[in-house]
Amino acid sequence: MPMMRLDKFLSSQLAISRTDAKKMLRQKRISVNGAVAIKPELQVDPCADSILLDGRVIAYRQFLYIMQNKPAGVVSASADGSVTVIDILPQELKRPGLFPAGRLDKDTTGFVLITDDGAFAHSLLSPVRHVEKTYVVTLEREATMEEIEEIRKGIRIGEEQFRPAKLRPLVQTDGLPQYEIILTEGRYHQIKRMFGSQGNAVCALRRVQIGGLSLDPSLRPGESRLMTDEEIRLLAIRQNI
Ligand code: URA
């Protein structure tokens, strides 16, 4: 494992800014191999050295797993002419190699998982694994029972056969009809095309779960945070990754 500066290690592992990492060092809260460390430029080996914050070990994470509440108008890509989900990450979470595991349309909002762990992302996206993605869709008009059944059984659009989807109406107080839809595949504009083929239009689309893991409701649109070890483990266990 290559050596790295201590302040860089702290900011990447704790998702704090370099300035906050330096402050932590000045406050003598960090020790390296038993000795209090105050120098940001100290070279550490993340795998071999014992680095503690307030006496507790900072376990080294090789990969980052980030949960983002994607706002509308942002593109799910690493690089693009327009603003991407990577561009809007807070500075302390930005690191080379990050990419979104799966795509949402520019106007779709909600849960995007961003990582630099290619194998993990590949398993989540693999078409043979059928990982469930849950969306709340707002439609122009109510779907009929026949239309709901068609989508539940697996709708056919021209030559294209879609897998069966779970679809249920959500209780509504006012406004346009909303449904929860759970897909096990990710085709281009899938939900819009499914309802569009029935003469209905999607007015809003929000992804709320990936593999049964819910988007943190405290994340406001545009906000991101590191996923907890528990969340990563849950997702990995559920998907047998
Ligand atoms: N289906 C769509 O039509 N768009 C998305 O962004 C995701 C699923």
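This section describes the ligand site in a predicted model.

The ligand takes up the space of the largest pocket. The residues around the ligand are L104, D105, T108, Y135, H189, Q190, I191, K192 and L205. By class, this shell divides into 4 nonpolar, 3 polar and 2 charged residues. Among the elements of secondary structure, helix α5, which spans residues 190-196, gives the most to the shell, contributing 3 residues.

Residues of the shell come from both domain 2 (65-127 + 213-239) and domain 3 (132-210), and the ligand therefore lies between these two domains.

Backbone atoms of H189, I191 and K192 approach polar atoms of the ligand. For H189, a backbone N or O atom is found 3.3 Å from an oxygen atom of the ligand. In the case of I191, a backbone N or O atom lies at 3.1 Å from a ligand nitrogen atom. A polar backbone atom of K192 is 3.1 Å from an oxygen atom of the ligand. On its own, the ligand has 240 Å² of accessible area, of which the protein covers 95%.

Terms used: Residues are numbered from 1 along each chain as its sequence is written. This is a predicted model: local features need pLDDT of at least 70, side-chain atom pairs count only at pLDDT 80 or more; totals for chains, interfaces and linings use all residues. Side-chain values use heavy atoms; hydrogens and water are left out. A residue is near a molecule or strand if one of its heavy atoms lies within 4 Å of it. A polar contact is a pair of N or O atoms within 3.5 Å; within protein, one must be able to donate a hydrogen and the other to accept it, and residues adjacent in sequence count only if both atoms are side-chain atoms. Accessible areas come from the Shrake-Rupley method with a 1.4 Å probe; for residues, only the protein chains shown count as cover. On a 1 Å grid over the protein atoms alone, a cavity is a set of points where a 1.4 Å probe fits but cannot get out, and a pocket is an open set with protein on both sides within 12 Å along at least five of seven lines; lining residues have an atom within 4 Å of a point. A molecule sits in a cavity or pocket if more than half of its atoms lie within 2 Å of its grid points. Helices (H or I, at least four residues) and strands (E, at least two) are DSSP runs, numbered from the N terminus. Ala, Val, Leu, Ile, Met, Phe, Trp, Tyr, Cys and Pro count as nonpolar, Asp, Glu, Lys and Arg as charged, and the others, Gly among them, as polar. Domain bounds come from an automatic or database domain assignment.
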